[in-house]
Amino acid sequence: MVGHHWHSFRWHWLVVAVAALAMMIVAALGSVARGQDDPAELTGNQRAAYELIVSWSPKYPDEPRTLHAVPIDGSQPYRLIPGSPDDTFDETYPDVAPDGRVIFASGPEGNSDLFVWDGSGAPRNITRSPWNEYGPIWSPDGTQIAFGSRNADRDIAQIFVINPDGTNRRQLTDRSGGAVSPAWSPDGTRIVFVSIGGQQRVDNGWQANTQLWIMDADGSNEQQITTVGPPGVASFEWSPDGQSLIVSGATTQIVSMDGRAAVELAPEVSILGSASWSPDGTVIAVVAPVGDDSRGPTTLLLVDRNGT
């Protein structure tokens with residue numbers, strides 16, 4: 001790693017460890033309490049800065065997963081929306097709008113709907129469809145929600161958008177390999193998604209070829225933007241300036257939107273799991289093993305945006 005600007009990010013793991021300890025305490029007590037300062041009053045930016053919203057159950061799978069807010073200062077996690085929308089079903093795929101509204105999926109297996117919670121009262125079901133709706137994500141301006149929807153008859157997911165009040169539902173993709181995991185560009189003009197574009201030959205047979213595609217926010221101008229080797233794309237994230245994506249798969253790459261060749265991120269380091277941009281887009285946090293054993297302890301490292 002000589003010549004590379006690596007930095008240990010151990011303070012982050014300390015925060016996560018403290019939060020995890022708090023969650024174990026909550027699990028032992030079997031209840032979640034909310035403090036005097038009502039967290040429902042937090043805006044989206046404040047919630048992102050001070051809390052993590054997770055789908056979690058202390059007794060899963062015996063009890064359904066519900067949305068919890070985990071303060072990053074290590075204080076006690078709490079149930080975000082008590083008694084919503086139906087305690088018999090999981091609450092999954094939470095995403096927070098710029099103004100603090102929360103979107104999530106809930107419902108019977110194979111037939112979940114999308115719910116919007118405004119910070120008080122009961123969440124509103126905005127889809128009410130016979131399809132399986134999941135993976136919702138707010139547009140940067142909070143005016144639209146992109147999500148995946150699977151028709152039970154075809155068993156193939158496609159990407160839709162809908163207004164937060166449940167109106168103007170529109171299908172954006174109609175791909176034979178399906179389309180999942182939509183992600184808005186920071187300026188809200190484009191959406192990146194994952195699609196299966198055939199099969200790849202691997203040592204033990206064939207494997208789905210999952211790649212990234214991009215389209216305009218209205219569903220037009222689809223084009224493939226990655227050619228990642230097996231097992232294909234595992235995760236991705238827009239850079240804050242919208243000029244590139246960090247893509248994790250067999251390798252971790254920075255893919256530019258201007259057509260330049262992808263840059264492999266630190267090829268001499270075994271990167272485990274996903275990678276994430278810093279808020280200013282200058283560095284990238286990656287999970288890597290301590291030493292040569294990929295099954296041993298891990299640490300969080302920072303690498304410069306140019307991949308060095």
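Here is a walk through some charged pairs and one sheet in this structure. Keep in mind that what you're looking at is a predicted model.

Let's start with the salt bridges. The count comes to six in this model, and we'll visit three of them.

For a warm-up, find arginine 101 and aspartate 99. Their side chains meet in a salt bridge, with N to O at 2.9 Å. How covered up are the two partners? Arginine 101 has a relative accessibility of 18%, and the cut-off for buried is under 20%, so arginine 101 counts as buried. Aspartate 99 comes in at 46%, so this one counts as partly exposed.

Now move along to glutamate 133. Which residue does glutamate 133 form a salt bridge with? The partner is arginine 169, and the closest N and O atoms of the two are 2.7 Å apart. This pair links distant parts of the chain, with the two positions 36 residues apart: glutamate 133 belongs to strand 8 (residues 132-138), while arginine 169 sits in the loop between strand 10 (156-162) and strand 11 (170-171). Is glutamate 133 buried or exposed? Its relative accessibility is 0%, so glutamate 133 counts as buried. Arginine 169, at 31%, counts as partly exposed.

Since glutamate 133 has brought us to strand 8, let's look at the sheet around it. The sheet is an open one of four strands, in the order 8-9-10-11, and the pairing is antiparallel. Strand 8 and strand 11 stand at the edges with a single partner strand each, so one side of each has no neighbour in the sheet. What holds paired strands side by side? Strands of a sheet pair through backbone hydrogen bonds, and they can do so in a parallel or an antiparallel way. Here, strand 8 pairs with strand 9 (residues 145-151) in the antiparallel sense, over five bridges. Glutamate 133 turns up again: its bridge partner in strand 9 is serine 149. So glutamate 133 has a bridge partner in serine 149 as well as a salt bridge with arginine 169, all while counting as buried.

One last stop: arginine 175 and glutamate 222. These two form a salt bridge too, and their closest N and O atoms are 2.9 Å apart. Again the pair links distant parts of the chain, 47 residues apart. Arginine 175 lies in the loop between strand 11 and strand 12 (180-184), and glutamate 222 lies in the loop between strand 14 (205-216) and strand 15 (223-224). Arginine 175 counts as buried, at 16% relative accessibility, whereas glutamate 222 is partly exposed, at 30%.

Key
Residues are numbered from 1 along each chain as its sequence is written. This is a predicted model: local features need pLDDT of at least 70, side-chain atom pairs count only at pLDDT 80 or more; totals for chains, interfaces and linings use all residues. Side-chain values use heavy atoms; hydrogens and water are left out. A salt bridge is a side-chain nitrogen of Lys or Arg within 4 Å of a carboxyl oxygen of Asp or Glu. Buried means under 20% relative accessible area, exposed over 50%, partly exposed in between (1.4 Å probe, protein chains only). Two strands pair if DSSP finds at least two bridges between them.
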